[in-house]
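Here is a short briefing to read alongside the model. Take a moment to turn the structure around, then follow the topics below in whatever order suits you.

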Amino acid sequence: MSTMGSSLCAAALLAFLVFSLRLFVNNWHFRVHKEMERNGLVHELNERRKEILPFLISSGVKRLLDESGHFGQHQSFESNHLDINLENESDVSSGSIRMNKDHIGCDQLVDMKAVDILGSGYTKIVLKVVLSEGQSVALKTVYDQGTDMGRCLEDFKDPLGCHELVSFKLKKEIVLLQRLQHPNIIKLRGHCEDSVGAGGITAILEQGFPLQMIQLLQSPWEERFRVCLGLVRLLHYLSHSPLGSVALLDFQPRQFVMVSGELKLTDLDDASVTEPACQMDQDCILQFPLRNFSLPCSAQGVCEGLNEMRNLYNAYRYFFTYLLPHQAPPALRHLVDHIMNSTGELKGDVNDTLEAFEDMFHLYKSGLHLDNMPPSIIRDYAVMKGMSISGNMEYRCWPSYNHQGCMLSVHSDKEAAFICNSLPQCTSFSLSNQRTWTGRLLASFQSGFSHLVTDGNSEVYLKKTNASPGTTL
């Protein structure tokens, strides 16, 4: 019995030792796995820190970053988050930004009212809110249900750390919006940083509306030209910005919004201010789905001009191709064709492109492209000043400023008469004091009307060939 008891005890002891060993190994593997996750998250945070660091000129911010840069090597991650304090601001000329008196901060967001979701993406969500004083702004913050947050939680299982990691894209964007200021870049109204140390931040922007390409395609050529002109002016600025040549790596229409008819860039988190390094010309190939371009590698080992050319060709394939040629004024079509050929083949740089756009804008705004129009064309119309029409027999033309009728922009009554002569249904047109963004007049074209009414801000032009005001073609 003693021998059997001894064997049982030995077997039990052996089983206990095996169980303990397995438990130790499992715990060790778990700790190693958690340590690898933690180190991986710390590595990702430091990589994001390196991305933002070149944009931060303030010595105070740099010192803060330097002091916190190796926090993950010696202390627990949970109590040491990498903090980029965007409140350390100095004068614009020194590289940072001093917020103006209209700066909106956390206090103004206390009584805000969320009105609508303007958009969302992998990283951020944008809300339309109304502040307590009635002002509408856009709030951009981390999207907790977004793809980036989901991937981070799957990889690192740390909600607090992932929120900080994902917030770095928004922090980078805020810094860039502080440094890059242009009429075609969304205006940063302020920002609010999380006071509980979670690394969260909210950007407060002027309110814009997502760019709707389908709607834009249905708008008059003048409005489509405005979008393209604003885009070229923006690309020219980005090529000569205070940070150097800026490339928009995620160049898509969804990165832009419309503010009062003006195109504005709103997403800058994927922007790069570094021209690619190279050792040979083959390193400077610009690849697109349908074709490639190449630039020479400079003596300094940099693909100089690659950022600019990337932006310019993306503008051609996403904007110019769809918005510029269709229904361009006949007298300007040769200039449009030149721009399309130059940008589509990258035969010129952004300076050449901007000059071509500005020349065309000057011709269009001044009416110089209409010099060949016969001045006698207006003699075919009887003008009634101080009058407007009632009982319109309107017809629709496309594209029109009024979707229920035919309203087009004209430089003068002569151009309106020329257009009316080219429209089979047109028997009259009226001009008011309404003008477009170029200063051109808005003309309404009719197939007839019942009677005239007094209106000091309007003039009616009736074809003399018509027997009476109510006559239609």
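**Briefing: sheets, helices and a buried cysteine**

Strand 6 and strand 8 (residues 256–259) pair in the antiparallel sense, with two bridges between them. They belong to a predicted model, in which the protein has ten helices and 17 strands. The points below start from this pair and move on to the other sheets, a helix pair and one cysteine.

**The three-stranded sheet**

- Strands 6, 8 and 9 form an open sheet in the order 6-8-9, with antiparallel pairing.
- Strand 6 (209–210) and strand 9 (262–265) are the edges of this sheet; each has a single partner strand, so one side of each is left without a neighbour in the sheet.
- Where strand 6 meets strand 8, phenylalanine 209 stands opposite methionine 258.
- Helix 6 lies across strand 8 and strand 9, and its direction makes an angle of about 35 degrees with strand 9.

**Helix 6 and helix 7**

- Two packed helices are described by the angle between their axes and the distance between the axes.
- For helix 6 (residues 221–239) and helix 7 (residues 306–323), the axes come within 11 Å and cross at roughly 175 degrees.
- That crossing angle makes helix 6 roughly antiparallel to helix 7, because angles over 145 degrees count as roughly antiparallel.
- On the helix 6 side, the contact is made by Trp221, Arg224, Val227, Cys228, Leu231, Val232, Leu235 and Ser239.
- On the helix 7 side, their counterparts are Glu308, Asn311, Leu312, Ala315, Phe319, Phe320 and Leu323.
- Sorted by class, the contact of helix 6 with helix 7 has eleven nonpolar, two polar and two charged residues.

**The five-stranded sheet**

- A further open sheet has five strands in the order 13-17-15-16-14, again with antiparallel pairing.
- Its edge strands are strand 13 (381–390) and strand 14 (407–410), and each of them pairs on one side only.
- From one strand to the next, the twist in this sheet averages 40 degrees.
- Within the sheet, strand 15 (residues 428–435) and strand 17 (residues 451–463) are joined in the antiparallel sense over five bridges.
- One place to look is serine 432, whose bridge partner in strand 17 is serine 458.

**Strand 4 and its partner**

- Strand 4 (residues 188–193) has six of its six residues buried, so it is largely enclosed by the rest of the structure.
- Strand 4 runs antiparallel to strand 5 (residues 201–205), and five bridges join the two.
- Across this pairing, histidine 191 stands opposite alanine 203 in strand 5.

**Cysteine 297**

- Cysteine 297 sits in the loop that connects strand 12 (292–294) with helix 7.
- Its relative accessible area is 18%, so it counts as buried, the cut-off being under 20%.
- Not counting residues up to four places away in sequence, cysteine 297 touches Cys278, Gln279, Met280, Asp281, Cys284 and Val302.
- Among these neighbours, aspartate 281 is 16 residues from cysteine 297 in sequence, and their C-alpha atoms are 4.8 Å apart in space.

**The protein as a whole**

- Of the 473 residues in the protein, 47% are buried.
- Among contacts with a separation of 6 or more, 67% are between residues 24 or more positions apart.
- The protein exposes about 24200 Å², and carbon and sulfur atoms supply 54% of that area.

Definitions and conventions
Residues are numbered from 1 along each chain as its sequence is written. This is a predicted model: local features need pLDDT of at least 70, side-chain atom pairs count only at pLDDT 80 or more; totals for chains, interfaces and linings use all residues. Side-chain values use heavy atoms; hydrogens and water are left out. Axes are lines fitted to C-alpha atoms, for helices over the stretch in contact, and angles run from 0 to 180 degrees between N-to-C directions. Helices (H or I, at least four residues) and strands (E, at least two) are DSSP runs, numbered from the N terminus. Angles under 35 degrees count as roughly parallel, over 145 as roughly antiparallel, 65 to 115 as roughly perpendicular and the rest as oblique. Contact means heavy atoms within 4.5 Å. Ala, Val, Leu, Ile, Met, Phe, Trp, Tyr, Cys and Pro count as nonpolar, Asp, Glu, Lys and Arg as charged, and the others, Gly among them, as polar. Buried means under 20% relative accessible area, exposed over 50%, partly exposed in between (1.4 Å probe, protein chains only). Accessible areas come from the Shrake-Rupley method with a 1.4 Å probe; for residues, only the protein chains shown count as cover. Two strands pair if DSSP finds at least two bridges between them.
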